[in-house]
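User: I'd like to go through this model with you, starting from the cysteines and then moving on to the helices. Can you keep to what the coordinates support?

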Amino acid sequence: MLKIDGLDFGFGEKALFENLDLEVERGEHVVIVGDSGGGKSSLLSLIVDSASSAIHLDRQSSATMVLQEGALLDHLNVLDNLRLVARYNRPSDGSELGDTEIEKVLQQLNIDPSLFKVNVCQLSGGQMRRVAIARTLLTSPDLILFDEPDAGLDLANLVKLADTVNELSKTKNKACMTVSHNPFYIAQVANKVFRLQGKRLTLIADWPNLPISKQELHDRQLVLQAQLQEVLEPITGSPATSNPEWPVGKWLIGMASSLACMPHIPRSARDEFSIAAYTFYLSFISGAIFFALVGLMLGSTIIAVVRMLADNSLTGLVSYFVKPENLIDMMGGRYVLYLAPAIGAMLFAARSGSIVSNWLGEMVRGKRVRALQLLNVPSCQYLRAPSALALFLAMFCTVCWFTASVWLGGVIATGQLFDVHAPMQIMALSAYDLRASYFWIKTLIYSVVVALTIVALGLASKKTSHQLNVHTTKTIIYSTLSVAFAELAIILL
C-alpha cells in the first residue's frame, strides 16, 4: 500500500529525516510517536501530498488525512459539511451522492440522526472526530492518516474513537497511520508502533492482532509507557522571540492569486453562491444600519459646519449681498460625491474588512482550508473567488449606500438649518456632477483594491492567534492606505 524508501527531508539547514524507511499494508494500523517538533506531522503531510520521490503509494490508491479536531466548517451543520465534500467527489459514473448515502455513512460511524442538522460547534470533541472521519470516507481513500485524533478527548470518547478507527482498518480493510502520544489509545488501535527519533523510525511494538481482553490491553499499555518514558518528557528551552510582521509579500501574492482564481467554471455553483452570500451578509447587510447612521451624521454635520461658518463670516455689508441660503444653493449636494467614496471605502475596510479577514483567517489557522484541500475541495474556487466577488459587490453597495445616506443627512440638515422650502431641489445631483467627481471610477477602483486586500490577507498562511491578529490589523491598514493613495492620485491627475 505505502512504502517509504530512504526519505531525506528538512527545512533549510535542519534535517528532519535521513534515510527514513516505512511500509504500511492494507488492514494495518501504524502509529508513530516521538518528541514534539520531531517531524511527525510533517511526515504525514509529505505522505498525503506525495511530496517526495521516496514516497510510493500503490497505483489507483489514494490517501487523505484527518486533521486535529476534525477541522470541520463551523458555518455549516453536520450534514452540510458532508454534502459539500460529496459534491466535489462524485462517483466515477458522474452521479452525486444523495442524503441517503451520506446519512448511511454517518450512522455507520455512530452519529445519531438527531445531530445531522446540528451546527458542528455544538458537537463534543469525539463527535467532531467521527464526523470528520465520515467526511473523509466520502473521498473513498485507501490510506487514512490521523494527526493526533485523540488530543483532548476523555476516556469514553477515546474508546468510541478507537472502535471507529478499528472498524476502518479491520472491517473496511483501510490502511491507517496515526501520530499520537496516548498509550491508552495507541494500545487499542495499533498493529505497529514506531518511534521517530534520530531522524529515523525505530519499531518499538509489533502486535499482529488487536487486544482481545482487558488484561492484554493493560499489558500493551504498560509496554508502551515503559517505551515512551523518554518521549513523554516535556521539552524545555527558552521561548523564541518574534519580530513584528509586515506581510506585504503575502498581500501582493494573495491579490494576484485571487485575480487568477476568478476565471473558472464552478464545479458547484450552489456552494460558491453560499459562500458569496455569507460573505455579502457579513460585509454589507449586517452593517447596513451602521453605514447609514454614520452617513446621516456626516452629511448633517457638514451642513451644520457650513451654517456656522456662514453666520460668522457673512457679517456687515457682506450680509446684504450674500445670504446663507445663497451659499448653500451655490454649494448644492455635489460635495457628497467628492467626500463619500473615499470615506465610505475606509469605513468599509475598518468595519467589514476586519470581520471578513478574521473569519477567513480562522479558517486558515484552524486548518479548515487545509482540510478542504485534502478532501479535493479547491479553496481557490470554494473560498477565494466567491469571497472576493462578494466583497467587491458589498463594497460597491456600501459606497453607494453610504453616499445616499450622506446626501440624505445633508438634505435634512439643509431644511432645518437654512430654513429652505425645497432642500432636495437645492441638494440635487446631476449627471455632470457624477462625471466631474469621478464617482463611479473611484467606487470601482476602491472596491477592487479593498476586496482583494481583505481576501489576500484573510487567506494568507498563519498558524498562531498572533499572526491572525496581525493580518487582520494589516488588512485595515493596507486597505485604508490604498484608498488614500488612490484618492490622492485621482485628485492630482
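Analyst: Bear in mind that this is a predicted model. Cysteine 380 is a reasonable place to begin: with a relative accessible area of 29%, cysteine 380 is partly exposed.

User: And what does cysteine 380 form with cysteine 261?

Analyst: The two form a disulfide, with their sulfur atoms placed 1.8 Å apart. The angle about the S-S bond is -130°, and the link is left-handed. Since cysteine 261 belongs to helix 9 (residues 248–261) and cysteine 380 to helix 16, the pair ties together parts that lie 119 residues apart in sequence.

User: Is the partner, cysteine 261, buried or exposed?

Analyst: Cysteine 261 is buried, at a relative accessible area of 8%, whereas cysteine 380 counts as partly exposed.

User: How many disulfides does a search of the whole structure find?

Analyst: The search finds one.

User: Then why is there no bond between cysteine 397 and cysteine 400?

Analyst: The cysteine sulfur closest to that of cysteine 397 is the one in cysteine 400, and at 6.8 Å it is too far away for a bond, given that a disulfide requires the sulfur atoms to be within 2.5 Å. As for its surroundings, cysteine 397 is partly exposed, with 26% relative accessibility. Cysteine 121, by comparison, has a relative accessible area of 55% and is exposed.

User: Back to helix 16 for a moment. What is glutamine 381 in contact with, leaving aside neighbours within four places in sequence?

Analyst: With those neighbours set aside, glutamine 381 is in contact with His264, Ile265, Pro266, Arg267, Glu272 and Pro386. Glutamine 381 sits in helix 16, and its relative accessible area of 15% makes it buried.

User: At what angle do the axes of helix 10 and helix 16 cross?

Analyst: The axes of helix 10 (residues 269–283) and helix 16 (residues 379–417) cross at roughly 40° and come within 8 Å of each other. The two helices are therefore oblique to each other, and helix 10 passes helix 16 in a right-handed crossing.

User: Which residues make that contact?

Analyst: On the helix 10 side they are Asp271, Glu272, Ile275, Ala276, Thr279, Phe280 and Ser283, and these meet Gln381, Tyr382, Leu383, Pro386, Ser387, Ala390, Leu391, Leu393, Ala394 and Cys397 of helix 16. Sorted by character, the residues of this contact comprise eleven nonpolar, four polar and two charged. Glu272 of helix 10 and Pro386 of helix 16, both part of this contact, are also among the residues in contact with glutamine 381.

User: Now the other helix pair, please. How do helix 2 and helix 4 cross?

Analyst: The axes of helix 2 (residues 78–88) and helix 4 (residues 125–137) come within 9 Å and cross at roughly 25°. That angle makes helix 2 roughly parallel to helix 4, and the crossing of these two helices is right-handed.

User: And which residues meet there?

Analyst: From helix 2, Val78, Asn81, Leu82 and Val85 meet Val131, Ala134 and Arg135 of helix 4. The residues of this contact divide into five nonpolar, one polar and one charged.

User: Where is glutamate 69 placed?

Analyst: Glutamate 69 is in the loop between strand 5 (63–66) and helix 2, and at 52% relative accessibility it counts as exposed. Apart from neighbours within four places in sequence, glutamate 69 is in contact with Met128 and Arg129.

User: How far is glutamate 69 from alanine 276, going by the C-alpha atoms?

Analyst: Their C-alpha atoms are separated by 26 Å, and the two residues are 207 residues apart along the chain. Alanine 276 is one of the helix 10 residues in the contact with helix 16.

User: Last topic, backbone angles. What phi does asparagine 19 have?

Analyst: Asparagine 19 has a positive phi of about 55°, although it is not a glycine. Most residues other than glycine have a negative phi. Asparagine 19 lies in strand 2 (residues 14–24) and is partly exposed, at 39% relative accessibility.

User: And lysine 199, what is its phi?

Analyst: Lysine 199, which is not a glycine either, has a positive phi of about 70°. Lysine 199 is found in the loop between strand 8 (192–197) and strand 9 (200–206), where its relative accessible area of 34% makes it partly exposed.

Note on methods
Residues are numbered from 1 along each chain as its sequence is written. This is a predicted model: local features need pLDDT of at least 70, side-chain atom pairs count only at pLDDT 80 or more; totals for chains, interfaces and linings use all residues. Side-chain values use heavy atoms; hydrogens and water are left out. Axes are lines fitted to C-alpha atoms, for helices over the stretch in contact, and angles run from 0 to 180 degrees between N-to-C directions. Helices (H or I, at least four residues) and strands (E, at least two) are DSSP runs, numbered from the N terminus. Angles under 35 degrees count as roughly parallel, over 145 as roughly antiparallel, 65 to 115 as roughly perpendicular and the rest as oblique. A crossing is left-handed if the near helix is turned anticlockwise from the far one by less than a right angle, and right-handed if clockwise. Contact means heavy atoms within 4.5 Å. Ala, Val, Leu, Ile, Met, Phe, Trp, Tyr, Cys and Pro count as nonpolar, Asp, Glu, Lys and Arg as charged, and the others, Gly among them, as polar. Buried means under 20% relative accessible area, exposed over 50%, partly exposed in between (1.4 Å probe, protein chains only).
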